[in-house]
Amino acid sequence: MNNSVPIPANEPERIAEIQQLCLINPEPDCAFDKIVTLAAELFQVPIALISIIDAHRQWFSASIGLTISETPREHSFCNHAILSDELFMVSDATQDSRFKDNPLVTGEPHIRFYAGAPLLTHQGLGLGSLCIIDTKPRPPLDDHQIRLLNHLAELVMLRVETLRNLNFVDLPTGLFNRPRLERDISVFFSDKDVPVTLVAVDVVAPRILNDIVKALGYTFSERLMLLIRDRLQAVVPENLKLYRISPTRIAFMLADTATEAAETLYRHILEAFEAPLVCDTIPIQTQIGLGILILNREKACSTDWIRSLVSAADDARENNAGWEMYSPRRDHAQQRAFRLLSALTIALQADDQLRLYFQPKIELASSECTSVEALIRWRHPTLGDISPGEFIPLAEKTFLIRSVSLWVLRAAIKQAKAWQQQGLNLTVAINVSAADLDDEMFTDTLTALLKQHDLPAQRLEVEFTEGALIRQTEVVQHQLERIHNLGIVIAIDDFGTGYSNWSYLRDIPASVVKLDQSFIRNALRHEKDKRIVKAMIRLAKEMDYRVVAEGIETEETYKLMRNWGCDEGQGYLMARPMPAIALLEWLESKPLQY
Ligand code: C2E
Ligand code: MG
Ligand code: MG
């Protein structure tokens, strides 16, 4: 910067404030336009401006009588107006040694008279000025005129504050919002390179807040948030800025990263929320968790830190851990999850990434194979093989599972039809997720595809897990009945792992239960498990279910399951999941008898 430019004493704070207020390159604002028009009319001048003094330039937030929108700072008259809190005036610039050679005086717009009222914040920082300019010399303004111009400058500042509040305040709570936190962080690192501690206080699970809204209404949930805000404000230091960064989370910054003081604060916050909040006489128990993130300048450049902060807070709350530091390891898992889900969307459209493997199910009494389970396989061009055990649960958290299931359904029906045409009447079992049964679409498509390929419904079997039954709604129930009525066998997968409850079986049109591999594995090892498995098989048989044992890896288990009355078995002992072609070879190679 030109050394001749006078700089106010509080320059760094001033620049920070300008950045915080978003005053550089702001959107055009009607109120600003009206104020400069008013000033020009009132003082009968050709030019009036609202000028903001940045580090190197002055910007015109609104102007009348000028076509340019900025000038270098060293040419700015307004730069002199911010040096004090009083109006700055020049009667004839050609007679003033500071300005007579100024290009704005010697050239366009040929400034002679200038009067600028500083735009002052509450802390007395001069951000710029509201000024009037004439191309002819004028006598100095009188006291009355000075007061008028100062009033207009105050009006500009009121408008600046209003705009800031609109952009940066969370209206229900009056706290700052997430964009404001992001801005404050970038301002913090604009002139410091020391780490800052960010704390997010997660007060209630989003699901619970949702339930509260459903049961008691928005007004109640907003009042609850106000109580939460008040309780938090009562424990944190008075000058700490609080930001509501999401419906259930409030964050703050600790510039001092000394852990002892910080940990005392965290403890106080946790203690403060031990007692329930009483909102409209209803006591609400919060479940609080504090996520802590030490942010440095480099990490602050990515926009990802908010997600890291929020996930740390979420984990702390869900694990009932009090406070938890952000963990990069957990974050890697989340990043991978995100990457896999995006890649899966592409894989579903590509024709060479996904395929089905088939694992035989064997009738234990005869060692015959009459059906196979279709298991999806995904080979990503750069990530390699990704196990369904990893990506299916992720897909189930999103709508993507529906596309996966439709892909599997199409591929399985095509394969079953191809086998049928080769004279091989294999039943193909597909795995279906709870979300597939949430509406009519999956069952409609299934029905249509069977028809389209002219495949008997008996060639298809549907497996779904106990977990899916937890959300058993009338819709799920109805879809299962439709599938059953088509003549498709329904099996309950991983039976015994979830919320085993025999009573729900009554309402489900399933005819097969697949005992989970963990039971089968343990049945050999522990006497108690042995008795449980035996009892489960007996009970299932008494209720007329066919029983399938999953995960048979040894002959010993095979025999045990057969002797205990299991109808079918599946496991590495007999065959691993394999591509359709390999399955044909396996079938021809006459599987072993046990
Ligand atoms: P699942 O439906 O219970 O499938 C059985 C899983 O156990 C398969 O794992 C299979 O390879 C494995 N397995 C079979 N026999 C043995 C054995 O003897 N020992 C051991 N240790 N494992 C055995 P996979 O293919 O990795 O699939 C894992 C899970 O992913 C499946 O469990 C199923 O829940 C899900 N899944 C797989 N394919 C699909 C699909 O197309 N759609 C849906 N929605 N889920 C799928
Ligand atoms: Mg299965
Ligand atoms: Mg299973």
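What spacing along the chain do the donors of the magnesium ion (ligand 3) follow? They follow the spacing D-D-x55-E. This is a predicted model, and the tour below starts at its metal ions before turning to a sheet.

## The magnesium ion (ligand 3)

Let's look at the donor atoms. On the protein side, D493 (OD), D494 (OD), E550 (OE) and E550 (OE) serve as donors, at 2.0 to 2.7 Å from the magnesium ion (ligand 3). Distant parts of the chain are linked here: D494 sits in strand β20 (residues 489-495), while E550 belongs to the loop between β22 (546-549) and α21 (555-563), and the two are 56 residues apart.

These two residues also have their own accessibility values. D494 has a relative accessible area of 24% and is partly exposed, whereas E550 is buried, at 7% relative accessibility. The cut-off behind these labels is 20%: a residue under that value is called buried.

## The magnesium ion (ligand 2) and the shared aspartate

A second ion, the magnesium ion (ligand 2), has E373 (OE), N431 (OD1), E463 (OE) and D493 (OD) around it, at 2.1 to 2.2 Å. Along the sequence, its donor residues read E-x57-N-x31-E-x29-D. N431 is in strand β18 (residues 427-431) and D493 is in strand β20, so this pair ties together parts of the chain that are 62 residues apart in sequence.

You will have met D493 already: it coordinates both ions, which are 4.1 Å apart. This bridging residue is buried, with a relative accessible area of 5%. N431, in contrast, counts as partly exposed, at 28% relative accessibility.

## An open six-stranded sheet

Now for the sheet. Its six strands run in the order β7-β9-β10-β8-β13-β14, the pairing is mixed, and the sheet is open. At the edges stand β7 (176-177) and β14 (323-325); each has a single partner strand, so one side of each has no neighbour in the sheet.

Within the sheet, strand β9 (residues 243-246) pairs with strand β10 (residues 249-254) in the antiparallel sense, over three bridges. Here Y243 stands opposite A251 in β10.

A helix packs on this sheet too: α11 (residues 305-318) touches β8 (196-202), β9, β10, β13 (289-295) and β14. The direction of α11 makes about 150° with that of β13.

Methods
Residues numbered from 1 in each chain as written. Chains lettered and ligands numbered in written order. Predicted model: local features only at pLDDT ≥ 70, side-chain atom pairs only at ≥ 80, totals over all residues. Heavy atoms only, no water. Donors = N, O, S within 2.8 Å, 3.2 Å for Na, K, Ca; no water. Helix = DSSP H or I, 4+ residues; strand = E, 2+ residues; numbered from the N terminus. Buried < 20%, exposed > 50% of the residue type's maximum accessible area, 1.4 Å probe, protein only. Pairing = 2+ DSSP bridges. Contact = heavy atoms within 4.5 Å. Axes fitted to C-alpha atoms, helices over the stretch in contact; angles between N-to-C directions.
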